[in-house]
Amino acid sequence: MAVSLFFLGPASLALVLERITRRREPEPSVEAPLPPVVAEATKEEAEPDFEAAKSLESEPEPEPEPEPEPVPLRERLARTQETLVGRLTHLLGSRKVDEGLLEELEMMLFTADLGVSTAESLLTTVREKAVGSEASVVRQILRDAICEKLVRAQSGAPQGLALSKGLHVILVLGVNGSGKTTTIGKLASRYSAEGHKVVLGAGDTFRAAAIDQLQVWGERVGCDVIAGEPNGDPAAVAFDAVKAALAREADVVIIDTAGRLQTKKPLMEELGKIARVVGKDLPEAPHETLLVLDSNTGQNALSQARLFTEVTEVSGLVLTKLDGSAKGGVIVGLADELSLPVRFVGVGEGIQDLRDFDAAEFVDALFDTE
Ligand SMILES: Nc1nc2c(ncn2[C@@H]2O[C@H](COP(=O)(O)OP(=O)(O)O)[C@@H](O)[C@H]2O)c(=O)[nH]1
Ligand SMILES: [Mg+2]
């Protein structure tokens with residue numbers, strides 16, 4: 001502890017001290033189970049009770065709770081499936097591909113949240129390959145073209161939870177409400193479940209509630225959270241988080257940021273400074289800069305992505321709230337226009353609801369309706 005405290009900035013130090021003091025408060029009643037972090041600290045501080053330990057030893061191991069079956073992606077994508085492929089099936093029927101059909105298809109693609117340039121490119125492909133054919137071929141042509149665009153954007157990107165050697169630094173960007181903090185919590189849980197040591201950095205200092213929210217996730221996952229004062233300098237928190245993660249020999253540090261939608265210059269300066277300071281002790285950091293986008297915002301997600309990629313280097317995307325969104329088609333536009341891989345998708349509010357993005361699985365879920 002002494003070693004790691006040494007590396008903390010004054011703000012983080014105050015917070016850690018405050019947390020230690022809180023840990024020493026009297027134990028809550030039996031009805032309120034101790035959160036994991038407190039339970040751990042109490043264990044360290046209490047006198048060892050050998051009798052109790054012996055009786056615990058003889059008790060049979062409780063059966064681990066079975067993992068709930070993950071809900072198939074197809075179910076979570078139902079609304080996007082309807083907007084994109086449901087309407088397509090309806091439109092195609094048993095017609096021939098002629099100008100009339102192409103016009104209707106154009107309208108459909110333009111209103112499917114793919115973005116204008118992606119919709120145009122898909123329409124061109126259909127024109128080139130399908131005029132005069134039975135309309136049923138259009139479905140396959142679109143499926144292949146969409147898959148190709150997604151696969152192209154994924155090429156060369158890291159897969160799943162891949163980590164670099166040494167400390168892996170992940171910066172998480174995006175506007176307020178896009179799902180950054182939730183995504184960080186889910187990611188931390190996945191890394192932790194794989195046996196990796198995780199540290200979180202509460203770089204969204206703009207709203208006090210954002211710091212608390214990350215701390216709640218930290219307790220839930222059982223990982224350390226480095227935080228500063230509300231309205232403090234986010235770059236200082238990012239710097240402290242990397243230092244603490246190095247001192248604690250963590251495998252991965254994930255840094256939250258404030259998603260203020262500000263004009264270009266201050267945003268560029270703020271994100272540039274964060275990226276620079278995390279690289280001070282680790283020249284190759286940040287190893288990943290993930291931009292989190294809410295799929296419900298459709299075309300707006302495209303403009304957010306354009307803004308963020310103009311002001312800073314983004315290495316991958318996370319599309320949240322695909323469950324319940326009818327606008328998941330925006331993934332295709334994002335991949336196509338920005339050539340950025342989609343690293344993860346959020347398919348619910350639960351801790352388990354962050355999946356690796358797999359282009360083929362996504363296309364299958366959209367097009368294979370049975
Ligand atoms: N349904 C659903 N809700 C999500 C998902 N990801 C985040 N949320 C919710 O979106 C809201 C904003 O998320 P938050 O992580 O606080 O966003 P931040 O402001 O970017 O940090 C919260 O109510 C989350 O529970 C998701 O994949 N699906
Ligand atoms: Mg947040």
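## A bridge between helices 14 and 15

Start with R306 and E337: in this predicted model, their side chains meet in a salt bridge, with N and O 3.0 Å apart. Where do the two partners sit? R306 belongs to helix 14 (residues 299-311) and E337 to helix 15, so the bridge ties together parts that are 31 residues apart in sequence. As background, side chains of opposite charge can pair when their charged atoms come close.

How open are these two residues? R306 has a relative accessibility of 35%, and that counts as partly exposed. E337 has a relative accessible area of 30%, so E337 is partly exposed too.

## Helix 15, mostly tucked away

Now look at the helix that holds E337. Helix 15 covers residues 330-338, and eight of its nine residues are buried, so the rest of the structure largely encloses this helix. Which residues are the buried ones? Reading along the helix, you'll find V330, I331, V332, G333, L334, A335, D336 and L338. E337 isn't on that list, because its 30% is over the 20% limit for being buried.

Go one step past the end of the helix and you reach S339, which takes a positive phi of about 50°.

## Bridges across the chain

How many salt bridges are there? The count comes to 16. One of them joins R143 and D364, whose side chains come to 2.5 Å, N to O. This pair links distant parts of the chain: R143 is in helix 9 (residues 136-154), D364 is in helix 16 (residues 359-367), and they are 221 residues apart. R143 counts as buried, because its relative accessibility is 16% and the cut-off for buried is under 20%. D364, at 31%, counts as partly exposed.

Another bridge pairs D356 with R190, and here the closest N and O atoms are 2.9 Å apart. D356 lies in strand 8 (residues 354-356) and R190 in helix 10 (residues 180-193), so this bridge connects a strand with a helix, tying together parts that are 166 residues apart in sequence. Buried or exposed, or in between? D356 is partly exposed with a relative accessible area of 32%, and R190 is partly exposed at 22%.

## Around ligand 1

Next, the ligand. Which residues come nearest to ligand 1? Of the 18 residues around it, the nearest are G177, T181, T182, D323 and E349. Helix 10 supplies the largest share of this shell, four residues. That's the helix where you met R190.

What kinds of residues make up the shell? It divides into 10 polar, six charged and two nonpolar residues.

Zoom in on the atoms and you can pick out some polar side-chain atoms by the ligand. T181 has one 2.8 Å from an oxygen atom of ligand 1, and K186 has one 3.5 Å from an oxygen atom of ligand 1. With D323, the partner is a nitrogen atom of the ligand, and the distance is 2.7 Å. How much of ligand 1 does the protein bury? Taken alone, ligand 1 exposes 570 Å², and the protein buries 81% of that.

Conventions
Residues numbered from 1 in each chain as written. Chains lettered and ligands numbered in written order. Predicted model: local features only at pLDDT ≥ 70, side-chain atom pairs only at ≥ 80, totals over all residues. Heavy atoms only, no water. Buried < 20%, exposed > 50% of the residue type's maximum accessible area, 1.4 Å probe, protein only. Helix = DSSP H or I, 4+ residues; strand = E, 2+ residues; numbered from the N terminus. Salt bridge = Lys/Arg side-chain N within 4 Å of Asp/Glu carboxyl O. Near = heavy atom within 4 Å. Polar contact = N/O pair within 3.5 Å; in protein donor to acceptor, adjacent residues only side chain to side chain. Areas by Shrake-Rupley, 256 points an atom, 1.4 Å probe, with all protein chains shown as cover. Nonpolar A, V, L, I, M, F, W, Y, C, P; charged D, E, K, R; others polar.
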